Amino acid sequence: MRRLLAILLLLCLVAPARPASQEVVLVVSADSPLQELDSVSVRKLFLGLPVLIKGSPLRPLRNRSDPVLDEIFLQQIVAMSQPNYDRQILIGVNRQGWLRPTEYGRSSDLVAALQADPYAVSFMWERDVAHNPRIRIIRVLWSD
Amino acid sequence: MERLVSSLSVRLISVVLVILAALVPPLYLGVSAIVRDGYAERFVNSLRAYSRLVADELEAIDGPDFERRALAVLDSAVLSGQVVFAEVRDDTHTLRSTIATPVYAPPRDDFHFGDQGDQIYFITHRVNRSDHPVFVRLGFDEVPTLERTAVAQRRVLIAMAAFVASSIAVAAWLSWVIARPMVRLQRAAQRVAGGDTHTQLDVGSSIREVQELNYHLEHMRRELVGANERLSLEIREREVSEQKRLDLERRLLHRERIATIGTLAGGVAHEFNNIMTPVLLYSQLALEDVPAGGELADYLKRVIAAAHRARSLVMRILTFSREMDLQQPTVFLLRAPVEEALALLREIVPANIEIVFSAPLEAMPVLGDASLVHQVVINLGTNAYEAMRDAGGRLAVTLSVADDPPDSHVEPGRYHLLEVSDTGHGMEPAVLSHIFEPFFTTREVGEGTGLGLSVVHGIVTSMGGAITVRSRPGYGTTFAVYLPAASAAQRHEPAAAASA
């Protein structure tokens with residue numbers, strides 16, 4: 001009996017742990033005055049439209065460090081295809097004078113930029129944010 | 001010829017087919033991909049926007065009436081036509097649209113058109129609520145987009161097929177346009193090669209290279225025609241020259257033969273004259289010594305008459321051989337002795353022979369002996385009369401002016417031409433070559449001496465002229481006598497001319 005319990009315990013330890021659910025979260029600097037942002041404002045922000053917080057415009061940073069993250073950004077945040085997003089950005093920048101979101105291909109650069117500007121807003125995997133006290137999550141955008 | 005057409009066409013079409021075979025499949029695949037991606041992009045774009053809208057609408061719903069209003073939103077989404085699956089769930093329970101088609105929903109969402117192969121695009125949005133988050137999941141039907149893509153790809157395929165067909169047709173037409181003038185050019189070249197060098201090469205093509213080829217071939221043809229004509233002309237000239245040379249040789253031989261015969265005959269005539277002189281002298285002396293009216297006197301008279309005929313014959317032979325003592329040459333008008341001779345001929349020829357005389361009004365002075373011209377006309381007229389004696393005919397005598405004599409052995413200058421033509425039986429070429437030879441005759445034995453034309457030849461030659469004859473058996477004969485015209489000085493100084 002004791003041997004059986006030991007085997008069961010061993011199996012429980014050896015069996016692969018169920019992967020934790022992944023989440024994509026909207027993040028800002030820990031110093032940011034931004035506390036909450038609804039989904040429409042998020043779309044406006046990443047389409048280049050000016051979104052003001054206490055009179056200051058937020059600065060969108062697009063995270064392009066992960067292709068999957070890119071797909072989630074298009075499907076969940078701006079809710080359009082890549083060509084359409086490119087067209088909208090082009091139209092907004094050229095016709096309306098909006099700002100093109102700054103793109104970062106490396107997470108470290110993105111985090112640095114995010115920490116440097118309290119009005120910067122970006123998105124990333126929740127697991128990447130968990131151990132960084134200088135970055136704050138303000139909204140869950142997508143969960144697996 | 002056909003081989004050229006088919007070869008060019010087949011080659012051109014083959015090249016086009018090879019190019020199309022290399023280009024059309026990737027082109028079709030590329031266009032199909034663009035079409036497919038375009039439809040997919042539009043589908044994904046619209047469903048993302050729509051699902052986001054639904055999620056935002058659900059997020060705006062709050063309060064105890066959430067389930068009922070959320071169900072209304074889900075049903076509304078299904079009724080829009082595109083959505084075939086719609087549900088809202090949280091950790092405890094699920095709210096699903098009752099009018100949606102019951103389909104299997106995989107646990108994972110789609111991120112691309114056609115993911116998971118179930119022909120439904122699933123998308124899930126997180127809806128933040130005040131108490132706890134919920135998740136709205138929508139499934140969009142991919143079949144209409146797949147059908148539109150298939151229709152568009154079929155249209156692309158049809159367009160490609162039309163493009164291939166039109167390309168082959170254009171290639172065939174182009175090969176025909178190129179080959180047709182070349183075939184015409186080839187046919188024309190074959191005609192030229194076959195000897196038809198006078199057909200102009202004109203293919204009427206608008207292709208510059210073909211036009212230039214046509215131009216050069218036409219230039220070659222013209223050069224060939226020119227060379228042929230020059231060659232033909234040269235051959236004709238050589239033939240004429242050869243004929244003239246042969247004619248001159250023949251005339252030279254003839255003249256030499258006549259001259260030889262004349263010399264021989266002249267020598268014989270001299271000797272004969274010397275022999276006849278004592279015969280005639282002693283016969284006359286003997287006649288004076290014999291009684292008149294006797295038989296002996298009669299015999300002597302016959303001897304004397306025969307001797308006179310013999311001397312006459314000798315004189316004619318000497319005339320032919322030009323050793324006769326000519327009278328002093330004088331300037332006379334040619335018309336006068338001719339008319340006198342014709343008057344005499346009119347007396348002796350029968351009525352079935354018509355004598356016609358024509359002469360220009362101008363004076364035709366000739367230096368020589370008028371009596372000899374008279375004899376020439378008599379001899380030629382007599383011959384003509386003999387040729388027409390049986391059937392009758394027309395004896396024509398004409399005078400005219402000739403600038404050059406036909407015989408190169410006489411001096412060039414102005415000549416008067418005396419032509420005597422008859423419509424008698426004519427002469428064969430074999431006879432013509434001997435007619436000026438002495439004692440040559442076609443008459444029966446005893447009917448002629450064969451000296452008439454020899455004497456004419458001797459007279460004309462002694463006057464510095466020339467004589468030719470044309471004859472055609474069955475049609476008649478024409479003698480042309482060229483006598484040198486007297487110069488102005490000879491006419492005004494007849495004495496000086498006579499002494500010269």
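Helices and strands are here DSSP runs, a helix having at least four residues and a strand at least two, and both are numbered from the N terminus. The structure is a predicted model, and the element names used below follow that convention. In chain B, strand E2 covers residues 94–96 and strand E3 covers residues 120–127, and B:Gln119 has its place in the loop between E2 and E3. B:Gln119 is not a glycine, yet its phi is positive, at about 65 degrees. Most residues other than glycine have a negative phi. As to its surroundings, B:Gln119 has 15 other C-beta atoms within 10 Å and is therefore partly exposed, since that class lies between the limit of 12 or fewer for exposed residues and the limit of 20 or more for buried ones.

Chain A offers a case that can be read alongside this one. A:Lys54, which is not a glycine either, has a positive phi of about 55 degrees, and A:Lys54 is found in the loop between strand E2 (52–53) and strand E3 (56–57) of chain A. With 7 other C-beta atoms within 10 Å, A:Lys54 is exposed.

From these loops one can turn to chain B as a whole, which holds 11 helices and 11 strands. Chain B has 500 residues, of which buried residues make up 26%. Among the contacts in chain B with a separation of 6 or more, 68% are between residues 24 or more positions apart.

One of the residues that can be followed in detail is B:Asn214, which lies in helix H4 of chain B, a helix covering residues 208–289. B:Asn214 counts as buried because it has 21 C-beta neighbours inside 10 Å. When its neighbours within four places in sequence are left aside, B:Asn214 is in contact with B:Leu185, B:Leu201, B:Asp202, B:Val203 and B:Ser205. For one of these partners a C-alpha separation is also available: B:Leu201 is 13 residues from B:Asn214 along the chain, and their C-alpha atoms are separated by 6.7 Å.

Farther along chain B comes a pair of packed helices. Two packed helices are described by the angle between their axes and the distance between the axes. For helix H6 (residues 335–348) and helix H7 (residues 370–388) of chain B, the angle is about 40 degrees and the axes are 8 Å apart. H6(B) and H7(B) are therefore oblique to each other, and the crossing in which H6(B) passes H7(B) is right-handed. On the side of H6(B), the contact is made by B:Ala336, B:Pro337, B:Val338, B:Glu340, B:Ala341, B:Leu342, B:Leu344 and B:Leu345, while H7(B) contributes B:Ala370, B:Val373, B:His374, B:Val377, B:Ile378 and B:Gly381. By class, the residues of this contact between H6(B) and H7(B) comprise 11 nonpolar, 2 polar and 1 charged.

Strand pairing in chain B can be followed through strand E9, residues 415–422, which is mostly covered, with 6 of its 8 residues buried. E9(B) pairs with strand E8 (residues 393–402) of chain B in the antiparallel sense over 7 bridges, and within this pairing B:Leu418 of E9(B) is the bridge partner of B:Leu399. E9(B) is also joined by 8 bridges to strand E11 (residues 476–484) of chain B, again running antiparallel, and here B:Val420 stands opposite B:Phe479 in E11(B).

Chain A contains an open sheet of 5 strands, in the order E5-E4-E6-E1-E7 and with mixed pairing. Strand E5 (102–104) and E7 of chain A stand at the edges, and because each has a single partner strand, one side of each is left without a neighbour in the sheet. From one strand to the next, the twist averages 25 degrees. Within the sheet, strand E1 (residues 23–29) and strand E6 (residues 120–125) of chain A run antiparallel and are joined by 5 bridges, with A:Trp125 in E6(A) as the bridge partner of A:Val24. H3(A) packs on the sheet, where it touches E1, strand E4 (59–63), E6 and E7 of chain A, and its direction makes about 75 degrees with that of E7(A).

The last step is the contact between the chains, which takes 14 residues from chain A and 13 residues from chain B. On the side of chain A that touches chain B, helix H2 (39–46), helix H3 (67–77), helix H4 (82–96) and strand E7 (135–143) of chain A each supply at least two residues. E7(A) provides the largest share of that side, 4 residues. The classes on the side of chain A that touches chain B are 7 nonpolar, 6 polar and 1 charged residues.

Methods: Residues are numbered from 1 along each chain as its sequence is written. Chains are lettered from A and ligands numbered from 1 in the order in which they are written. This is a predicted model: local features need pLDDT of at least 70, side-chain atom pairs count only at pLDDT 80 or more; totals for chains, interfaces and linings use all residues. Two strands pair if DSSP finds at least two bridges between them. Axes are lines fitted to C-alpha atoms, for helices over the stretch in contact, and angles run from 0 to 180 degrees between N-to-C directions. Angles under 35 degrees count as roughly parallel, over 145 as roughly antiparallel, 65 to 115 as roughly perpendicular and the rest as oblique. A crossing is left-handed if the near helix is turned anticlockwise from the far one by less than a right angle, and right-handed if clockwise. Two residues are in contact if their C-beta atoms, placed from the backbone, lie within 7 Å. Ala, Val, Leu, Ile, Met, Phe, Trp, Tyr, Cys and Pro count as nonpolar, Asp, Glu, Lys and Arg as charged, and the others, Gly among them, as polar.
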